[in-house]
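Here's a quick briefing to read with the structure open beside you. Take it one topic at a time, and look up each residue as you go.

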Amino acid sequence: MKVIQSWVSEHKLATIGGLWASGIGASFMANSRTTSPMKPSLRLIHARMHAQALTLAVLCGAATYRYYENTKP
């Protein structure tokens, strides 16, 4: 676990970008499997919105982690 934490600590932007890309891919795949009458462009918009929400959650988590990491005595 320490190895993962140190890698994420050193590569913050790559981690957030990777999570964003995987979030958009997973959301697009989940929306593509449903039999709704949505157009592909609308599915892509929904996938992007879900990925943005995931990215905001990750950024909030990273900010919280950074705050507690800096306040340790």
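**Leu54 and its surroundings**

Leu54 counts as partly exposed, with a relative accessibility of 35%. You'll find Leu54 in helix H3. Keep in mind that this whole model is predicted. From Leu54 we'll move along the helix, then step back to see how the two domains meet.

**More on Leu54**

- If you skip its neighbours within four places in sequence, Leu54 is in contact with Leu19 and Gly23.
- Leu54 and Ser22 sit 32 residues apart in sequence, yet their C-alpha atoms are 9.9 Å apart in space.

**Thr55**

- Thr55 belongs to helix H3 too.
- Is Thr55 buried or exposed? Its relative accessible area is 16%, so Thr55 is buried, the cut-off for that being under 20%.
- Leaving out residues up to four places away in sequence, Thr55 touches Ile16 and Trp20.
- The side chain of Thr55 has a polar atom 2.8 Å from the backbone oxygen of Ala51.

**Leu56**

- Leu56 is another residue of helix H3, which covers residues 40-71.
- Leu56 has a relative accessible area of 54%, and because anything over 50% counts as exposed, that's the label it gets.
- Ile16 is 40 residues away from Leu56 along the chain, with 9.5 Å between the two C-alpha atoms.

**Ser27**

- Over in helix H2, have a look at Ser27.
- Ser27 is buried, with a relative accessible area of 10%.
- Which residues does Ser27 contact, leaving aside its neighbours within four places in sequence? They are His46, Ala47 and His50.

**The two domains**

- The domain assignment splits the protein into domain 1 (1-35) and domain 2 (37-72).
- Taken over C-alpha atoms, the centres of domain 1 and domain 2 are 9 Å apart.
- How many residues are in contact across the two domains? It's 13 residues of domain 1 with 16 residues of domain 2.

**How much area they bury**

- People often describe the size of an interface by the accessible area that is lost when the parts come together.
- Here, domain 1 and domain 2 bury about 1,200 Å² between them, and 68% of that is on carbon and sulfur atoms.
- On the domain 1 side, Ile16, Phe28 and Asn31 supply 37% of the area buried against domain 2, which is more than any other three residues give.

**What kinds of contact there are**

- Looking for salt bridges between domain 1 and domain 2? The count is 0.
- For polar contacts between the two domains, the count is 1 residue pair, with both residues at pLDDT 80 or more.
- Helix H2 (residues 12-33) gives the most to the side of domain 1 that touches domain 2, namely 10 residues.
- Sort the residues on that side of domain 1 by type and you get 5 nonpolar, 7 polar and 1 charged.

Definitions and conventions
Residues numbered from 1 in each chain as written. Predicted model: local features only at pLDDT ≥ 70, side-chain atom pairs only at ≥ 80, totals over all residues. Heavy atoms only, no water. Domains from an automatic or database assignment. Contact = heavy atoms within 4.5 Å. Buried area = accessible area lost by both parts, 1.4 Å probe. Salt bridge = Lys/Arg side-chain N within 4 Å of Asp/Glu carboxyl O. Polar contact = N/O pair within 3.5 Å; in protein donor to acceptor, adjacent residues only side chain to side chain. Helix = DSSP H or I, 4+ residues; strand = E, 2+ residues; numbered from the N terminus. Nonpolar A, V, L, I, M, F, W, Y, C, P; charged D, E, K, R; others polar. Buried < 20%, exposed > 50% of the residue type's maximum accessible area, 1.4 Å probe, protein only.
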